[in-house]
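Work through the exercises below with the structure open. Each task is followed by a stepwise solution.

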Amino acid sequence: MARHRLRALTLAAAALCACGSDLDEREAAASAARTATLGQGLTVRVEGATVREIEATSEAAPDRIEVRAQSLDLRVDVETSHCEPRTLEVTLKPVPGDTVLTQRPFLADVSTGAAAAREATGAGVEFVADEDDPDWTPLDAETTVADCPPRENALVFTLHLNAKGPRTYRVTCGAAPATVEADEAARAACLGTGSAAAGALARAPLVVRHRARADVPRGEPLAFAVFANNAGDEEKRDAFLAVMRRDAATLGVRFVVVNGDLTRGGEPEELEAARDAYDGLPVPWYATVGERDVDEAEPDVIVEALGATTFAFDAGPARIIVLDSAEAGLSPTTHGLLERYLADASLGWAFERRPGGSVVLTHFPPFEPASFGSNAFKSWREAARFVAQLRRGGVPKLITGHLGIFDVQTVAGVDVVHSGGGGAPMETVSGDEHHWLLVTASPGCDGVCVEVEPKTL
């Protein structure tokens with residue numbers, strides 16, 4: 001049995017990355033963690049998530065993979081290019097209780113006839129069988145995996161590949177059996193496929209596409225919580241967790257964003273302890289890092305614990321954009337991702353319409369609201385570039401988490417909310433108390449209206 005976490009998945013990325021900073025390396029680790037290879041032609045690719053842990057086993061036992069969700073609309077593609085029977089158990093977490101799992105099978109190519117038709121029509125009508133994956137050939141309709149509700153913010157399902165011969169499969173809800181009994185007829189069929197007919201589709205891998213999606217109406221207000229600058233204060237963290245367990249449902253909180261400085265010193269054990277604590281929330285949670293979190297842990301360890309530290313997802317009327325600024329600035333790659341998040345029509349699903357507006361969160365503010373002593377972006381030029389990006393993208397609110405205050409500063413038409421009240425010492429000049437934020441995003445205001453309310457711990 002080979003069981004390993006993200007470190008084994010990211011060694012190649014680390015070796016190939018000519019990175020200029022730790023932030024670049026965290027982004028490279030996150031990119032690598034969106035694909036996992038389990039051997040013998042079995043590959044898993046995810047969107048809106050990262051692969052946290054894989055367990056590649058012997059032929060008689062199922063393979064297992066754990067996926068850390070960073071969206072309310074996940075995509076998990078499982079591709080097999082071999083015909084041997086395989087069983088794969090997939091765990092998605094954290095996901096909300098109203099998540100629905102669907103599946104659709106494809107061949108990862110188009111037929112010669114479809115390709116010729118596309119070429120003949122040129123810029124005219126295209127023959128597209130699936131709007132999200134037009135370069136694949138669907139084998140069946142998209143269907144819901146019945147009776148598969150999440151439990152304790154985790155959704156578990158099992159994919160049985162080539163169970164009755166090449167390109168056969170089934171999806172069942174729940175964990176895989178401890179042992180897998182191979183169908184001898186399937187093995188015989190597999191052995192007999194060595195002289196398969198020529199052609200693109202005859203050679204194309206089987207892909208089973210899964211979608212795990214929560215129902216968040218775009219025409220209704222969306223509420224979520226933001227907690228930042230805890231700095232490893234377990235008492236304040238526990239107080240916030242208790243409030244969420246008691247009030248999240250009443251307040252309509254759909255998820256929590258932890259906006260950096262989860263730990264005191266960034267030790268791997270601290271990151272794991274923080275992750276385990278936040279896993280006790282009654283709703284999904286997503287996080288980026290602050291400067292405290294990156295002092296000691298390697299990039300792959302951070303991504304293993306928290307997932308990608310720069311990411312975006314759509315939720316109701318808003319696109320939520322979370323950026324890694326733990327180095328007191330953004331990398332060129334992060335600036336590029338921000339431009340894409342602000343402009344793209346979709347995230348992971350080509351035909352999905354994006355919401356009308358965006359809310360952006362990051363740990364360091366671009367500028368200080370007052371002189372607190374080098375507690376903003378290191379470069380004023382980069383800070384101005386960042387604010388200009390937000391202004392062009394019509395972002396009404398930027399929420400930061402580094403300063404121990406609650407304040408709203410308007411910079412070039414963008415409201416910058418400073419809220420680092422999660423546990424680290426508060427700025428003595430502010431007089432503000434430790435707090436968290438209740439954020440409500442509603443349709444309107446030429447995109448999205450955003451209200452921010454501090455809640456005392």
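**Exercise 1. The largest nonpolar core**

Task: in this predicted model, find which residues of the largest nonpolar core touch the most other members.

Solution.
- Step 1. The largest nonpolar core has 30 residues. Phe240, Met244, Val256, Tyr278, Trp285 and Leu306 touch the most other members.
- Step 2. Map the core onto elements. Two or more residues come from each of strand S14 (222-227), helix H6 (234-251), strand S15 (253-259), helix H7 (268-278), strand S16 (285-288), helix H8 (299-306) and strand S23 (435-444).
- Step 3. Rank the elements. H6 gives the most, with five residues.
- Step 4. Take Leu306 and skip neighbours within four places in sequence. Its contacts are then Arg68, Gln70, Leu262, Leu271, Trp285, Ala287 and Val289.

**Exercise 2. The six-stranded sheet**

Task: give the strand order of the open sheet of six strands, and say which strands stand at its edges.

Solution.
- Step 1. The order is S17-S18-S19-S20-S22-S21, and the pairing is mixed.
- Step 2. Strand S17 (311-315) and strand S21 (406-411) each have a single partner strand, so they stand at the edges with one side lacking a neighbour in the sheet.
- Step 3. From one strand to the next, the twist averages 20 degrees.
- Step 4. Check one pair inside the order. Strand S19 (residues 357-362) and strand S20 (residues 397-400) run parallel, joined by four bridges. Leu361 has Ile399 in S20 as its bridge partner.
- Step 5. Add the helix. H9 (residues 332-343) packs on the sheet and touches S17, strand S18 (318-323) and S19. The directions of H9 and S18 make an angle of about 180 degrees.

**Exercise 3. Arg209**

Task: decide whether Arg209 is buried or exposed, then find its polar partner.

Solution.
- Step 1. Locate Arg209: strand S13 (residues 206-213).
- Step 2. Buried means under 20% relative accessible area. Arg209 has 3% relative accessibility, so this residue counts as buried.
- Step 3. Its side chain makes a polar contact with the side chain of Asp130, at 2.9 Å.
- Step 4. Widen the view, leaving out residues up to four places away in sequence. Arg209 touches several acidic side-chain owners, including Asp130, Asp132, Asp133 and Glu142. Arg75, Arg104 and Trp349 are also among the residues touched.

**Exercise 4. Strand S23 and its partners**

Task: trace how S23 pairs with S14 and with S24.

Solution.
- Step 1. S14 and S23 are antiparallel, with five bridges. Val226 pairs with Leu437 in S23.
- Step 2. S23 and strand S24 (residues 447-456) are also antiparallel, over 10 bridges. Ala441 stands opposite Val450 in S24.
- Step 3. S23 and S24 form a hairpin with two residues between them. In the turn, Cys445 has a positive phi of about 55 degrees.

**Exercise 5. The disulfides**

Task: how many disulfides are there, and what is the handedness of the link between Cys148 and Cys173?

Solution.
- Step 1. The count is two.
- Step 2. Cys148 joins Cys173, S to S 2.4 Å. With 85 degrees about the S-S bond, this link is right-handed.
- Step 3. This pair links distant parts of the chain, 25 residues apart. Cys148 is buried at 6% relative accessibility, while Cys173 is partly exposed at 31%.
- Step 4. Cys445 and Cys449 form a disulfide with sulfur atoms 1.9 Å apart. The torsion about their S-S bond is about 100 degrees, so this disulfide is right-handed.
- Step 5. Cys445 is exposed at 55%, whereas Cys449 is buried at 19%.

Note on methods. Residues numbered from 1 in each chain as written. Predicted model: local features only at pLDDT ≥ 70, side-chain atom pairs only at ≥ 80, totals over all residues. Heavy atoms only, no water. Pairing = 2+ DSSP bridges. Axes fitted to C-alpha atoms, helices over the stretch in contact; angles between N-to-C directions. Contact = heavy atoms within 4.5 Å. Core = buried A, V, L, I, M, F, W, Y, C linked by side-chain atoms within 4.5 Å. Buried < 20%, exposed > 50% of the residue type's maximum accessible area, 1.4 Å probe, protein only. Polar contact = N/O pair within 3.5 Å; in protein donor to acceptor, adjacent residues only side chain to side chain. Disulfide = S-S within 2.5 Å.
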